[in-house]
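The following questions and answers introduce a structure to a reader who has not seen it before. Please consult the sequence and the model shown here.

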Amino acid sequence: ASAPPRVEAQALADPLAKAMLPVLLHRVGNAAQLLTGLDALLAVDPSALESRADDLASAREVVDEVGRLLALLASASGSRLLLDRRERAGLAPLLACVRACLRREGRDLDAVQGALPGLSPVVGDGWQLPWAIASVLYSAGCSGPPRSSLHWSLMARTDAWRITCVAGHDPDLERLLRRLPGARLLHEGDSLSLELPRDWLLA
């Protein structure tokens, strides 16, 4: 089996964790603002909730997604909240969050071509794999010039997945990958690739 041994989170000064907090706070604030508006509307018209059920559903989706991302963030910071919350489809909302983080830095993240693969539920403690992918893309995006958008690719090979983008050397990523035995960072000129065992991502 290629799943790595379980590795405890380390309390590192993680730039992705720092960048995610204001993005998640903004999303929670938007949901709270919506609920506050609904509460004020109900004070005037008690029957209004029936016509605003879609708004409640939207708020629930936002809160649920933010909750999963906070669990991932907490787990990467040393908690163990993802033991029962492993999301096969967790890459899409996480990468949307990475894009929001980069846009706050005056940069952006291209959409990847094709459908995103699922995350295997048996890799580590559930947080190391998505956190490594997100950290590589965030670091690479931050290393680009202002107003640039990071182009990246995700390719399935016979025995591995490879995520490739243009990025400079970041020693923090090397330290991060120590928490994910089996993953490799490959440098070829100005190209950076994160190579993952084939069964870690589910097509």
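Q: In which strand is Ser193 found?
A: This is a predicted model, in which local features need pLDDT of at least 70, side-chain atom pairs count only at pLDDT 80 or more, and totals for chains, interfaces and linings use all residues. Residues are numbered from 1 along each chain as its sequence is written, and side-chain values use heavy atoms, with hydrogens and water left out. Strands (E, at least two residues) and helices (H or I, at least four) are DSSP runs numbered from the N terminus. The run that holds Ser193 covers residues 191-197 and is strand 7.

Q: Is Ser193 buried or exposed?
A: Buried means under 20% relative accessible area, exposed over 50%, and partly exposed in between, with a 1.4 Å probe and protein chains only. The relative accessibility of Ser193 is 4%, so Ser193 counts as buried.

Q: Which side chain is joined to that of Ser193 by a polar contact of 2.8 Å?
A: A polar contact is a pair of N or O atoms within 3.5 Å; within protein, one must be able to donate a hydrogen and the other to accept it, and residues adjacent in sequence count only if both atoms are side-chain atoms. At 2.8 Å, the partner of Ser193 is Thr164.

Q: Why is Cys101 not bonded to the closest cysteine sulfur, and in which residue is that sulfur?
A: A disulfide is a covalent bond between the sulfur atoms of two cysteines. The cut-off used here is a pair of cysteine sulfur atoms within 2.5 Å. The sulfur of Cys101 lies 4.4 Å from the closest one, which is too far for a bond; that closest sulfur belongs to Cys97.

Q: How far from Cys165 is the nearest cysteine sulfur?
A: Cys165 is in no disulfide. Cys165 is also buried, with a relative accessible area of 3%. The nearest cysteine sulfur is that of Cys142, at a distance of 12 Å.

Q: What span should the 14 residues of helix 4 have?
A: The expected span of a helix is 1.5 Å times one less than its number of residues. Helix 4 covers residues 91-104, and its end C-alpha atoms are 20 Å apart, which agrees with the expected value of 20 Å.

Q: Is Gln33 buried or exposed?
A: Gln33 lies in helix 1. Its relative accessible area is 57%, so Gln33 is exposed.
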